[in-house]
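Student: Could you take me through one helix packing in this protein in some detail? I would like to see the geometry, the residues that make it up, and how it sits in the fold as a whole.

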Amino acid sequence: MNSHNHLDSISVLKFSARTYNALMRVGICSIGDLLNCSKDDIGGIRQLGTKSIEEIAGAIDELNAYKDDIYCESKDNHINTQKTFIGNDGQKYLDVEIDKLCLSVRAYNCLKSDGIEYYSQLVDKLAEELISIPNMGQKSLREIEEKRANFQPELFSEDNNEVN
């Protein structure tokens, strides 16, 4: 199994479309979210058949079996790969890729097509700039604005010895 971070999108697990969409619909967007679910939680997701439940259970079992290998990445090594940005408040934050925001496929694809790959590139965009992106509609714009308003980036700590 490939090494994954708990913040990685569930898309890296290559679930079937039905399974992926059902998980996204209930807010299970990252591997960490998935690992925090019990079998009862998974069984209670609407529109999941036996095959999808088995697919999810298999992925959880495989992730748990390799949990030590997956998450043994040292903190210094992980932080060294992180980008940072200066927020409007003048503080330094760890930047995150937009796929960590758990956007819909359309909103994500619109942002990627416009070259927006990190939260820092998105945070200061005006609604007028976003709506001018091809295939961006009002629904996607509202979704992005909601995610942007609710997302709290992690403060950068000098103790991390960050290398940009």
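Tutor: Happy to! In this predicted model, helix α7, residues 105-113, packs with α10 at an angle of about 85°, and their axes are 9 Å apart. Since angles of 65 to 115 degrees count as roughly perpendicular, α7 is roughly perpendicular to α10. Two packed helices are described by the angle between their axes and the distance between the axes, so those values are a good place to start.

Now for the residues. From α7 come Arg-106, Ala-107 and Leu-111, and they meet Ser-140, Glu-143 and Ile-144 of α10. By type, the residues of this contact divide into 3 nonpolar, 1 polar and 2 charged.

Let us look closely at Ser-140, which lies in helix α10, residues 138-150. When neighbours within four places in sequence are left aside, Ser-140 is in contact with Arg-106 and Ala-107. Both of those partners are among the α7 residues that take part in the packing. Ser-140 has a relative accessible area of 6%, and because buried means under 20%, Ser-140 is buried.

For a counterpoint, turn to Lys-39, in helix α3, residues 39-43. Its relative accessible area is 59%; exposed means over 50%, so Lys-39 is exposed. An exposed residue can still have partners, as Lys-39 shows: apart from neighbours within four places in sequence, Lys-39 is in contact with Ala-57 and Asp-61. Lys-39 and Ile-53, for their part, are 14 residues apart in sequence, with 8.8 Å between their C-alpha atoms.

Finally, the wider setting. The secondary structure of the protein comes to 10 helices and 2 strands. Reading from the N terminus, the order of the elements is α-α-α-α-α-α-β-β-α-α-α-α. Of the 164 residues, 37% count as buried, and Ser-140 is one of the buried residues. As for the surface, the protein exposes about 10,100 Å², with carbon and sulfur atoms supplying 46% of it. Among contacts in the protein with a separation of 6 or more, 49% are between residues 24 or more positions apart. The pairing of Ser-140 with Arg-106 and Ala-107 gives you a concrete place to begin when you look at the contact of α7 with α10.

Technical notes. Residues numbered from 1 in each chain as written. Predicted model: local features only at pLDDT ≥ 70, side-chain atom pairs only at ≥ 80, totals over all residues. Heavy atoms only, no water. Helix = DSSP H or I, 4+ residues; strand = E, 2+ residues; numbered from the N terminus. Buried < 20%, exposed > 50% of the residue type's maximum accessible area, 1.4 Å probe, protein only. Contact = heavy atoms within 4.5 Å. Areas by Shrake-Rupley, 256 points an atom, 1.4 Å probe, with all protein chains shown as cover. Axes fitted to C-alpha atoms, helices over the stretch in contact; angles between N-to-C directions. Parallel < 35°, antiparallel > 145°, perpendicular 65-115°, else oblique. Nonpolar A, V, L, I, M, F, W, Y, C, P; charged D, E, K, R; others polar.
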